[in-house]
Amino acid sequence: APDYIRLIDIREPALAQRSNNQEVDRNQQRAALIQDCTVLYTLSIGGPAAAKAVRAGLHPVKLADAVPARDELLRLQAVLARDNPPPWLVKAMGAQPRPRPLAAD
């Protein structure tokens, strides 16, 4: 929310388990673990993992450097507090983006 931050849960990724001698896809397991989240902040994510995250309803945000979670949440709050947040964030929140004015010629 633009006006408060609240820790809801801490989830640890389980080690990939084997089922019928086949390794369960770790990326799918991790995406399922956080499927009720909207935005996924990460330092590293490959193309296949990012695609699975998107299919699970997550919006991956790749950061260049490790930062305290609170700092990144404060930046997200500032974006949420704007009158017109970016379309990716509006869509991630489940709303329809407002039409943006066209640039004048």
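This report looks at helix α3 and the largest pocket in a predicted model.

Let's start with the helix. α3 covers residues 69-81, which makes 13 residues. At 1.5 Å a residue, α3 should span 18 Å, and its end C-alpha atoms are indeed 18 Å apart, so the expected span and the model agree.

Which residues of α3 are buried? They are E72, L76, Q77, V79 and L80. Look down the axis of α3 and these buried residues fall within an arc of 160°, so they line one face of the helix. Here's some background: an α-helix has 3.6 residues a turn, so residues three or four places apart point the same way. Over on the other side of α3, R70 and A81 are exposed. As for what covers the buried residues of α3, β3 (39-42) and α4 (87-92) are included.

Now for the empty space. The largest pocket holds about 1600 Å³ of space. It is lined by 37 residues, and the closest to its centre are C37, V39, L40, Y41 and L73. Four elements each give two or more residues to this lining: α1 (26-33), β3, α2 (47-55) and α3. Which element gives the most to the lining? That's α3, with seven residues.

Here is how the lining of the largest pocket divides by residue type:

| Type of lining residue | Number in the largest pocket |
|---|---|
| Nonpolar | 25 residues |
| Polar | five residues |
| Charged | seven residues |

To tie the two parts together: α3 has buried residues along one face, and α3 also gives the most residues to the lining of the largest pocket.

Methods:
Residues numbered from 1 in each chain as written. Predicted model: local features only at pLDDT ≥ 70, side-chain atom pairs only at ≥ 80, totals over all residues. Heavy atoms only, no water. Expected span 1.5 Å × (residues − 1). Buried < 20%, exposed > 50% of the residue type's maximum accessible area, 1.4 Å probe, protein only. Arc of directions from axis to C-beta. Contact = heavy atoms within 4.5 Å. 1 Å grid on protein atoms, 1.4 Å probe; cavity = no way out; pocket = protein on both sides within 12 Å on 5 of 7 lines; lining within 4 Å. Points joined across faces, edges and corners; volume = space filled by probe spheres on them. Nonpolar A, V, L, I, M, F, W, Y, C, P; charged D, E, K, R; others polar.
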